Amino acid sequence: MLKDRKGWRLQYHLMPPDGWLNDPNGLCQFHGMYHVFFQYSPNTPGPDGRTARTWGHYAGRDLLHLQFKGVPFWPVDTIDHDGCYSGSALIDQDLIKLYYTGNVKEPGDHDYTYSGRQANEILVESDGTSFGKKKCLLRNADYPADCTCHVRDPKVWKDGKLYYMVLGARVEGREKNADSDFGEVLFYESSDGLHWHFLKSLTTEERFGYMWECPDYFHLEEKTFLSLCPQGLPSEEYRYQNIYQAGYFTVDGELGARQSLSDFHEWDYGFDFYAPQSFLDESGRRLLIGWVGMPDAPYTNPTALPKGKGWENCLTVPRKLTVSEGCICQNPVEELKALRYDETPVMPHGTMVLPDGAGDFEVSFLEGTEDADWDISFGDAAELSYRDGVLQLSLDPSAGYGRDSRRIRIPHIEFLRVLVDSSILEIYINDGAYVITSRFYPEYIGDQQNLAVRFNCAMAAISGWKMHTMETNREYI
Ligand code: FRU
């Protein structure tokens, strides 16, 4: 039960000061400062008295000292009246160039999929603190004729002198419905970042869902990847268990030539992970941040108090991306270790209690025990168990708010890193080859969480740390 506004606030994950948060947007580092924007609906209405979706802004010298800077722009113009939707940042000409989709719903009798919605790609330039005038660069008429009104989420980058943009799109099928429409991405090219022309569209040989949102196109360790969020994939026993997915394809071929997509991998197997975005920081790391949430999910968050009082959702910790055997591994950035304190070796059948519910665990399974069964429980709220090569996260109904269980088939488990933070679990398996991110809502014991993490592992070396509250969050807890 939520006792007061403090309930389940996080110690080291970025969350909205209040209101609703979704996709990470405009991630970048500029003159040393990190900027993390996000889709935001604050509880207080905007300057025109409405509460359409906009952006929120965190910035700081390092990833542990970001400060909430407010709302950089509001959806108050004819080009974005119904939402400043997702987008990205490009560092160029000593500016941060923010590209996003202005969502406009025209009045009238529309279904807003096939008619009545404008998707305007907009540019706002910034020095990191002030934000310039909005410039509309692309409108519906600039997209291929077979696109529905769902085109959005520009990710922009520069290659040599040329600028590129990738957009997510829903293309109209023969029957104009979710069973025949299909997802694809659109590539645009520009010589100045302002005037864009259509380069090509790209999709899979076989239809892969009806809509692709939040695309991201990047090179990593000599390979090219296209990350996106497909909607409409049928669920399977060990894959695609959420209503919508987030994953990446390997891209074969050059952007200017024929390309094909293969090997779709899900970024994360938990209940709450969507719309991730990556960026290159000034040290050359490719970092990824995801939205810890899921649109249209059949489960809920008890922090979402009625009548504009609560808060909902958060972002993952920044994850460093690397490639191993052709797949992307994700691991929490090194910086996070600075929040650790009270290192405690935990016995294979030991328990560690986290007073604020904030901890970090490393579990190394000893050689020869990678296939053995084990489990770890988080109070009475959640259990992670490994049986016969299947890893399962199960949530108790009292803590899951509709979340039940998620399963992955993993032949051997050698190493686990488990981040626990009050009402979120991020579980990194085998050096980040698989990740599970989920919210969970353990009961409070008095004012404290006192979350007992219990290990029941055959043979493992386990270290546990409590975690300090990130400076950013002190203000908002
Ligand atoms: C993904 C998404 C994006 C869109 C944004 C609106 O969660 O639907 O496609 O730009 O959220 O908030």
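This is a short tour of a predicted model, with stops at two domains, the interface they share, and a ligand.

**Stop 1: the two domains**

Start by selecting residues 25-267 and giving them a colour; the domain assignment calls this stretch domain 1. Now pick a second colour for residues 340-473, which the assignment lists as domain 2. How far apart are the centres of domain 1 and domain 2? Taken over C-alpha atoms, the separation is 33 Å.

**Stop 2: where the domains touch**

Turn the model until you can see the two colours meet. On the domain 1 side, 10 residues are in contact with domain 2, and they touch 10 residues there. About 860 Å² of area is buried between domain 1 and domain 2, and carbon and sulfur atoms give 43% of that area. Which residues of domain 1 lose the most area to domain 2? Select L64, Y238 and Q241: together they make up 58% of what the domain 1 side buries.

**Stop 3: a salt bridge and its surroundings**

Stay at the interface and show the side chains of E237 and R407. These two meet in a salt bridge, with 2.9 Å from N to O. Across the interface of domain 1 and domain 2, the count of salt bridges is 1. Polar contacts can be looked for here too: 7 residue pairs make them across this interface. If you colour by class, the side of domain 1 that touches domain 2 shows 6 nonpolar, 3 polar and 1 charged residues.

**Stop 4: the ligand**

Next, select the ligand and centre your view on it. Show the residues that surround the ligand, among them N22, D23, R53, Y85, D153, E213, C214, Y274 and W291. Q39, S86 and R152 also belong to this group, and each is worth a click:

- Q39: a polar atom of this side chain lies 2.6 Å from an oxygen atom of the ligand.
- S86: here a backbone N or O atom lies 3.1 Å from a ligand oxygen atom.
- R152: a side-chain N or O atom is 2.8 Å from an oxygen atom of the ligand.

To finish, switch on a surface for the protein. How much of the ligand's accessible area does the protein cover? On its own the ligand has 320 Å² of accessible area, and the protein covers 92% of it.

Terms used
Residues are numbered from 1 along each chain as its sequence is written. This is a predicted model: local features need pLDDT of at least 70, side-chain atom pairs count only at pLDDT 80 or more; totals for chains, interfaces and linings use all residues. Side-chain values use heavy atoms; hydrogens and water are left out. Domain bounds come from an automatic or database domain assignment. Contact means heavy atoms within 4.5 Å. Buried area is the accessible area (1.4 Å probe) that two parts lose on being put together, summed over both. A salt bridge is a side-chain nitrogen of Lys or Arg within 4 Å of a carboxyl oxygen of Asp or Glu. A polar contact is a pair of N or O atoms within 3.5 Å; within protein, one must be able to donate a hydrogen and the other to accept it, and residues adjacent in sequence count only if both atoms are side-chain atoms. Ala, Val, Leu, Ile, Met, Phe, Trp, Tyr, Cys and Pro count as nonpolar, Asp, Glu, Lys and Arg as charged, and the others, Gly among them, as polar. A residue is near a molecule or strand if one of its heavy atoms lies within 4 Å of it. Accessible areas come from the Shrake-Rupley method with a 1.4 Å probe; for residues, only the protein chains shown count as cover.
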